Amino acid sequence: MLRLSRDEISALLAGFVSRLSAALHAEPFVADAGRAIGADLVGSGIATPELLGATTTLIGKYLLSKPHLDELLGAFVAGYTGALVDQTVAAQEALRRAELADRRRDAAGGLLRNHLTRLPNRRALLQRLGAVLDERVPPARLGLCLINLDRFRTVNDSLGYRSGDQVLLTVAHRLERLAGRGGHFPAHLGIDTFVLLLEDTTGPDEVTKAAEQALAAIAQTFPINNGYTLPIGASIGVVERATTGADPAALLGAAEQALAWAKRESRGHWTVFDPDRAAAENARHALSAQLPDALTRDEFVVHFQPLADLATGRSIGAEALVRWQHPQLGLVMPGRFIDLAEHTGLIVPLGELVLRRACAEAAGWPGDLLVSVNVADAQLRRPGLPAMIRAILDETGLPAARLQLEVTENVLLDPAELGTLDEIARMGVRIALDDFGTGNCRLAEISNLPVHNLKIAACFIDFLRAGPAAAGPDRTVLTAMINLGHDLGLTVTAEGIETAVQREQLLAVGCDTGQGYHLGRPAERFPNERC
Ligand code: C2E
Ligand code: MG
Ligand code: MG
């Protein structure tokens, strides 16, 4: 409403009165003119109910004797009140619209906040990251701490959602305070995942320091219902990098990968994103994804490495070692894919393929040469391995006594695997304990194993490169291992023999057989002219 001076208001009123007077004297008389004047009075912005009262009294006083007066005043009041109602309705509509717009703005704000903690959510963080990356110029840097509470599900499951919410609110509060002190941007991405965004960082140390502070803040105990307190920990993935070339989603992805490393290593600490490690891991994932197709495309080949009698140097057989003839990467060694195959369960069909190929090859070898095939734990855990071996032996015509299976010390941990191994051994197949000394084998239990051969891992014979001078604890351990095997009636094989000196020394301590580059490298064909 306009603010008018006293004189201006008097002038306006005088105008209305003179208009009314003119309407009253008009020939012919038109009552509706009063209505228009009443509406204009409201439009002038000076109308109030008191003013209306004063105006009508005034008019009544001065124009009392005039004919049509009642009619004119009636129209005037009707015009006045009609206009006032319209104005009020319009004002209320404007108010309603403003309120609606407010609510919409609020809702849009809500879309950018976590509904529980009211911290900025993932969308808000991505927006902020986008803005920071757009604004900053080289050599600006930024950092992220992606924080995930350890075992939060247990809180929810065992204490209920209300306690869970209480924990989240407390974490949010502590992180918000920390962010406030450090000038960081906090966010709550999902159930138990939070972020601190650090802008204009100077290097990773600044971000890991913030991560330390966040861990310390979270690690304080949590008061929950009934005076109970909870110990809560967290793991943090840290990324710190130049803003150039960065993109919000990729930054978060990198932080997620670092967080996964932190969780895997041991909870309750931070890990910094390492692009080289990520590249290697991603390549492994890509390789893992290609494994099933590689199997159907028949890209796996089996090579054979001689197992030799140490005294004579003659081959007693060969170990079958799988390789992946990859269309782009060339010959890929098992170290790069066996554990992937174990994780995905593909080791079962792959192991069967190797076993079948190895037995088929060995059936064509002269004399009683052995073929030694690696068997993964997952294969031993599947029922049906003995039947499968029986079928392969029948199919290839290889006598059971010429097949040896190499198992790891892990079989000792699982009675079911031990049972399977017993069944296979009863078929006349030899069993070797591979990489002996590197696993969790409790020596006392070896005597319960249906084993025929101990394969001593290469790390135990490394010291022998130095020749007879190499003594000390290493020699004591090696001798004890060989004696243990012999005392249990087993043959002992040393792995990874690379030099003539090692071979001589092994002979000297009583080792029976060996395997290694010095005696023959893995090759497509076996036996070759050297065997
Ligand atoms: P492993 O069974 O202990 O096999 C011996 C490994 O040592 C082979 O590596 C062999 O090439 C390597 N080696 C042999 N002599 C020497 C030497 O003098 N010096 C050095 N540095 N290394 C030597 P490879 O072929 O890369 O195989 C690695 C592992 O992959 C094997 O260790 C075995 O655990 C696994 N593996 C290979 N083939 C199969 C398979 O068909 N099934 C399963 N489950 N595992 C397999
Ligand atoms: Mg082996
Ligand atoms: Mg081995």
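Analyst: Buried means a relative accessible area under 20%, exposed means over 50%, and partly exposed is in between (1.4 Å probe, protein chains only). The model is predicted: local features need pLDDT of at least 70 and side-chain atom pairs pLDDT 80 or more, while totals for chains, interfaces and linings use all residues. Residues are numbered from 1 along each chain as its sequence is written, chains are lettered from A and ligands numbered from 1 in written order, and side-chain values use heavy atoms, without hydrogens and water.

User: Why is Asp434 called buried?

Analyst: Its relative accessibility is 8%. The limit for buried is under 20%, so Asp434 qualifies.

User: What makes Asp435 partly exposed?

Analyst: Asp435 has a relative accessible area of 32%, which falls in the class between buried and exposed.

User: How do you know which protein atoms are donors of the magnesium ion (ligand 3)?

Analyst: A donor is an N, O or S atom within 2.8 Å of the metal (3.2 Å for Na, K and Ca); water is not among the atoms, so sites may look incomplete. Asp434 (OD), Asp435 (OD) and Glu495 (OE, listed twice) lie 2.0 to 2.6 Å from the magnesium ion (ligand 3), and therefore count as its donors. Along the chain these donors follow the spacing D-D-x59-E.

User: Which residues coordinate the magnesium ion (ligand 2)?

Analyst: Glu319 (OE), Asn374 (OD1), Glu406 (OE) and Asp434 (OD) coordinate the magnesium ion (ligand 2), at 2.0 to 2.3 Å. Those distances meet the limit for donors, so these residues qualify. Their spacing in sequence is E-x54-N-x31-E-x27-D. The pair Asn374 in strand β11 and Asp434 in strand β13 links distant parts of the chain, 60 residues apart. Strands (E, at least two residues) and helices (H or I, at least four) are DSSP runs, numbered from the N terminus. Asn374 is partly exposed, at 30% relative accessible area.

User: What makes Asp434 a bridging residue?

Analyst: Asp434 bridges the magnesium ion (ligand 3) and the magnesium ion (ligand 2), and the two ions lie 3.7 Å apart. Asp434 appears among the donors of the magnesium ion (ligand 3) and also among those of the magnesium ion (ligand 2).

User: Why is Lys455 called buried?

Analyst: The relative accessible area of Lys455 is 1%, and the class requires a value under 20%, so the label holds. Lys455 lies in strand β14 (residues 453–456).

User: How do you know that Lys455 makes a polar contact with Glu319?

Analyst: A polar contact is a pair of N or O atoms within 3.5 Å; within protein, one must be able to donate a hydrogen and the other to accept it, and residues adjacent in sequence count only if both atoms are side-chain atoms. The side chains of Lys455 and Glu319 meet at 2.9 Å, so the distance passes. Contact in general means heavy atoms within 4.5 Å. Residues that Lys455 touches include Glu406, Asp434, Asp435 and Glu495.

User: What joins Lys263 to Asn148?

Analyst: A polar contact of 2.7 Å joins their side chains. The limit is 3.5 Å, so the pair counts. Lys263 lies in helix α9 (residues 248–265) and also touches Leu149, Asp150 and Ser235.

User: Why is Arg151 called exposed?

Analyst: Arg151 has 54% relative accessibility, and exposed means over 50%, so Arg151 belongs to that class. Arg151 is found in the loop between β1 and α6 (152–159) and has a positive phi of about 55 degrees although it is not a glycine.

User: What makes Asp200 partly exposed?

Analyst: At 43%, the relative accessibility of Asp200 falls between the limits for buried and exposed. Asp200 lies in the loop between β3 (193–199) and α8 (204–219), with a positive phi near 55 degrees.

User: Where is Asp462, and why is it called partly exposed?

Analyst: Asp462 lies in the loop between β14 and α17 (473–487). Its relative accessibility is 40%, which is neither under 20% nor over 50%, so the middle class applies.

User: Which residues does the cis peptide bond with omega of about 5 degrees join?

Analyst: That bond joins Pro138 and Pro139. Pro139 is found in the loop between α5 (122–135) and β1 (141–149). Another cis peptide bond joins Phe526 and Pro527, with omega of about -10 degrees.

Conventions:
Lists of a residue's contacts leave out its neighbours within four places in sequence.
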